[in-house]
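The following exercises are to be worked through with the sequence and the structure at hand. Each task is followed by a solution in steps.

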Amino acid sequence: METLRYGSSGNAVVLLQLALQRAGYLRPDPDGVFGTATLNAVRRFQSAFGLAPDGIAGPRTWDKLEKFLYGFFTLRLRPGDTFYRLAKRYGTTAESIAAANPELDPANLPVGGEIAVPFGYPVTPTNVPWSSELLEYAVRGLTVRYPFIRLETIGHTPLLKPIRVLRIGSGRREVFINAAHHANEWITSPLVTDFVESFAAAYVNKTELEGKSAAALYASVTLYAAPMVDPDGVDLVNGAIRDKAKNAARLIADDYPTIPFPSGWKANIEGTDLNLNYPAGWEEAERIKYEKGFVSPAPRDFVGSSPLSAPESRAVYDFTRTRDFAATVSYHTQGEEIYYKYLDEEPEGARELALKMAEVSGYSVADVPYESSFAGYKDWFISEYGRPGFTVEAGRGINPLPISQYPRLRRENFPLMTVALG
Ligand SMILES: [Zn+2]
């Protein structure tokens with residue numbers, strides 16, 4: 001981790017502030033600016049954790065802070081410890097400790113053994129801009145807190161970041177929800193991660209997910225979730241990227257001066273629009289986008305040199321082919337619309353499912369304009385499998401949607417995703 005001090009700014013400061021907030025040392029939501037409030041919070045945190053209170057977040061301070069980003073810590077069991085007493089001491093619940101340590105018998109805890117203790121808050125942050133680093137904290141934290149969640153890496157980006165998939169459930173119906181094919185639509189990443197976490201929490205607590213028994217869902221469905229298909233692009237948009245990679249992207253963006261940089265960036269870091277890179281009418285997408293002037297790597301709308309030329313779309317394609325998905329949902333922003341067709345092709349049951357999703361979210365079922373009808377993930381999934389594949393354009397406003405829209409997005413889309421689970 002970067003050493004941060006008074007005057008620092010950017011995405012690393014967001015992570016620092018998030019950790020301090022979760023630890024109880026900073027009240028306001030992270031803003032990415034290391035000012036007086038953050039300085040005082042770092043000092044108080046350092047004092048409390050036995051460090052010299054110099055107000056500089058260096059390696060030793062980070063070492064103590066990181067567990068708040070992972071959302072759990074480990075300790076050695078002492079005589080007299082019970083899940084209940086530990087839960088009371090650390091402000092969490094006995095159920096969540098039990099869930100994180102399924103191999104332990106609560107009536108017979110081994111003194112000296114190591115135990116993972118989840119903090120009382122959800123691990124998925126929903127009050128800050130996201131980055132690939134934040135996703136890594138969240139998904140690793142999730143798999144410790146809920147060991148029945150499996151984490152896979154389905155490929156790597158041009159900057160060698162992993163493309164992650166979370167799996168939850170044990171049912172025969174396989175459903176795939178993916179998000180952030182487009183960089184400046186990153187708000188869909190917390191949305192999908194948060195949904196997986198809420199499903200897991202409801203399962204552990206034996207409660208409902210959007211009115212459905214989590215246990216019944218768990219038994220009938222296996223959900224695969226790819227929260228961030230374009231981590232390099234998300235990092236570019238949210239300022240969490242090395243200067244060299246940012247400068248290379250800026251050179252690409254210079255050819256398209258009407259698109260704001262980096263907030264208008266939708267593509268992967270090499271300038272391929274990942275949702276125009278799938279083999280479903282790709283040549284037609286190429287013709288349409290070339291005509292509009294997107295003839296070279298660009299912040300958006302460049303289809304790539306050939307179908308699946310980008311490692312990210314190739315990874316999602318290959319992954320899909322290893323599974324047997326009954327339905328897929330691809331999250332984008334914005335427009336409050338649900339697309340369910342590829343040209344005139346309408347898989348059996350797709351319209352009914354789309355209408356149900358619309359009903360619970362307040363979104364509209366819509367047809368895709370001809371010029372946007374090709375080479376997207378949904379297009380390929382429908383044309384390849386003839387099964388329901390959806391694009392959901394969540395939220396309303398100008399991309400990137402601000403994180404302040406998150407509560408509303410959650411309210412609209414948790415019911416929608418639960419419907420998709422079937
Ligand atoms: Zn999009």
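Two residues are in contact if their C-beta atoms, placed from the backbone, lie within 7 Å. The model is a predicted one.

**Exercise 1. The surroundings of one core residue**

Determine which residues F199 touches, not counting residues up to four places away in sequence.

Solution. Step 1: apply the 7 Å cut-off between C-beta atoms. Step 2: leave out residues up to four places away in sequence; I168, L209, A214 and L223 are then touched by F199. Step 3: place the residue in its wider setting. The largest nonpolar core has 124 residues, and F199 belongs to those that touch the most other members, together with I177, V196, L223, A225, I338 and A420. Helix α1 (residues 11–23) gives the most to this core, namely eight residues.

**Exercise 2. The overall form of the chain**

Establish how the radius of gyration of the chain stands against the value for a compact globule.

Solution. Step 1: for 422 residues, a compact globule would have a radius of gyration near 22 Å. Step 2: the chain has 22 Å, so the value agrees with that of such a globule. Step 3: add the extent along the principal axes, where the C-alpha atoms fill a box of roughly 70 × 50 × 35 Å. Step 4: consider burial and contacts. Buried residues account for 49% of the chain. Of the contacts between residues at least 6 apart in sequence, 76% join residues at least 24 apart.

**Exercise 3. Elements and domains**

State how many helices and strands the chain has, and into which domains the chain is divided.

Solution. Step 1: the count gives 15 helices and twelve strands. Step 2: the division yields domain 1 (11–69), domain 2 (72–118) and domain 3 (132–233 + 310–421). Step 3: between the centres of domain 1 and domain 3, taken over C-alpha atoms, lie 33 Å.

**Exercise 4. The order of the open sheet**

Give the strand order of the open sheet of eight strands, and explain why one side of β3 and of β11 is left without a neighbour.

Solution. Step 1: the order reads β3-β4-β8-β5-β9-β12-β10-β11, and the pairing is mixed. Step 2: β3 (150–156) and β11 (364–366) stand at the edges with a single partner strand each, which means that one side of each has no neighbour in the sheet. Step 3: with direction ignored, neighbouring strands are turned by 25° against each other on average. Step 4: helix α6 (residues 132–145) packs on the sheet, where it touches β3 and β4 (162–168), and its direction makes about 30° with that of β4.

**Exercise 5. From β8 to β10 through the sheet**

Trace the pairings by naming the partners of β5 and of β12.

Solution. Step 1: begin at strand β5 (residues 173–179), of whose seven residues five are buried. Six bridges pair β5 in the parallel sense with strand β8 (residues 221–226), and I177 stands opposite A225 there. Step 2: β5 also pairs with β9 in the parallel sense over six bridges; here I177 stands opposite V329. Step 3: continue from β9 (residues 325–333), which runs parallel to β12 (residues 389–394) and is joined to it by six bridges. In β12, F390 is the bridge partner of V329, and G389 is that of T328. Step 4: strand β10 (residues 337–339) runs antiparallel to β12, with three bridges between them; Y339 has T391 as its bridge partner. Step 5: conclude with the burial of β12, in which five of six residues are buried.

Definitions and conventions. Residues are numbered from 1 along each chain as its sequence is written. This is a predicted model: local features need pLDDT of at least 70, side-chain atom pairs count only at pLDDT 80 or more; totals for chains, interfaces and linings use all residues. Two strands pair if DSSP finds at least two bridges between them. Helices (H or I, at least four residues) and strands (E, at least two) are DSSP runs, numbered from the N terminus. Axes are lines fitted to C-alpha atoms, for helices over the stretch in contact, and angles run from 0 to 180 degrees between N-to-C directions. The radius of gyration is taken over C-alpha atoms; the globule rule is 2.2 Å times the number of residues to the power 0.38. A residue is buried if 20 or more other C-beta atoms lie within 10 Å of its own, exposed if 12 or fewer, and partly exposed in between; C-beta atoms are placed from the backbone. A nonpolar core is a set of buried Ala, Val, Leu, Ile, Met, Phe, Trp, Tyr and Cys residues joined through C-beta atoms within 7 Å. Domain bounds come from an automatic or database domain assignment.
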